[in-house]
Amino acid sequence: MAGGLLLSGAVAALLTSALPAHPSSPVVTDPPPDKIVIDVATVNGSGCPQGTAAVAVSPDNTAFTVTYSEYLAQAGGNSDPTAFRKNCQLNLVVHVPQGFTYAIASADYRGFASLQSGASATQKASYYFQGSPNTAVKTHPFSGPYNDDWQATDSTDWAQLVWAPCGVLRNFNINTELRVNAGTSAPGKVSFMTMDSTDGDISTVYHLAWKECPKA
């Protein structure tokens, strides 16, 4: 699914792997004036069938968001045996203003979960730049009984941010997963976890930090 599929919404985790920018490059508190452009090279997975995920960049260049409309994992009752785990792999081409690089400073995930007593669920995310040998993984567990909206937030200290390499276009990969385990819940009872809502507007927000690249 190449090109400019737009993404809009709020949910996420941290990136802790990539090639660092030059250590003397100054961190900037204000985002660059030119807009960041994000193209989706591919989006696929059981949690994001074609046409059910979207991405958009905030007007001030400080965040981008992902919205899902059919991201649901469930277990128990008459659930399909394969429905306990859903995932979505996003491969993004991020064009940043000339002279700047970026890092993922924090991410916010939101959704809804209905877990029976004895059931459990996990929200997981991993992040990496194309060509990087390292992958950052963040996991958030949930236990039943639970019947409410859920939110998970990860953040990284400024000193520990890992920046996209300057002057090189590297695709940014985000792989998210929902997993539900019926556990010891009563037979016939269904537990589920979503990254969507009744109106399809649950989303994920990735917050960006900016740094100037060293002068050539």
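**Strand pairing in the predicted model**

Strand β7, spanning residues 100-115, is joined to β12 by three bridges. The two strands run antiparallel. Within this pairing, S114 faces F192 of β12. The model is a predicted one.

Strand β12 also has a second partner. Its residues 191-194 pair with strand β5, residues 72-75, over four bridges. The sense is again antiparallel. Here A73 stands opposite M193 in β12.

A further set of strands makes up an open sheet. Five strands take part, in the order β2-β6-β11-β8-β9. Their pairing is antiparallel. The edges are β2 (37-44) and β9 (136-143), each of which pairs on one side only. From one strand to the next, the twist averages 15 degrees. Inside this order, β6 is followed by β11. Strand β6 covers residues 85-95 and strand β11 residues 172-181. Eight bridges link them in the antiparallel sense. K86 is placed opposite L178 in β11. In general, strands of a sheet pair through backbone hydrogen bonds, either parallel or antiparallel.

Confidence was also examined. The average pLDDT of the protein is 77. A score of at least 70 is reached by 77% of the residues. Over residues 1-25 the pLDDT is below 50. This stretch nevertheless has 122 contacts in the model beyond near neighbours in sequence. The pLDDT is also below 50 over residues 197-202. That stretch has 13 such contacts, counted beyond near neighbours in sequence. Where pLDDT is low, predicted coordinates should not be read in detail.

Key:
Residues numbered from 1 in each chain as written. Predicted model: local features only at pLDDT ≥ 70, side-chain atom pairs only at ≥ 80, totals over all residues. Heavy atoms only, no water. Pairing = 2+ DSSP bridges. Axes fitted to C-alpha atoms, helices over the stretch in contact; angles between N-to-C directions. pLDDT = per-residue confidence, 0-100. Contact = heavy atoms within 4.5 Å.
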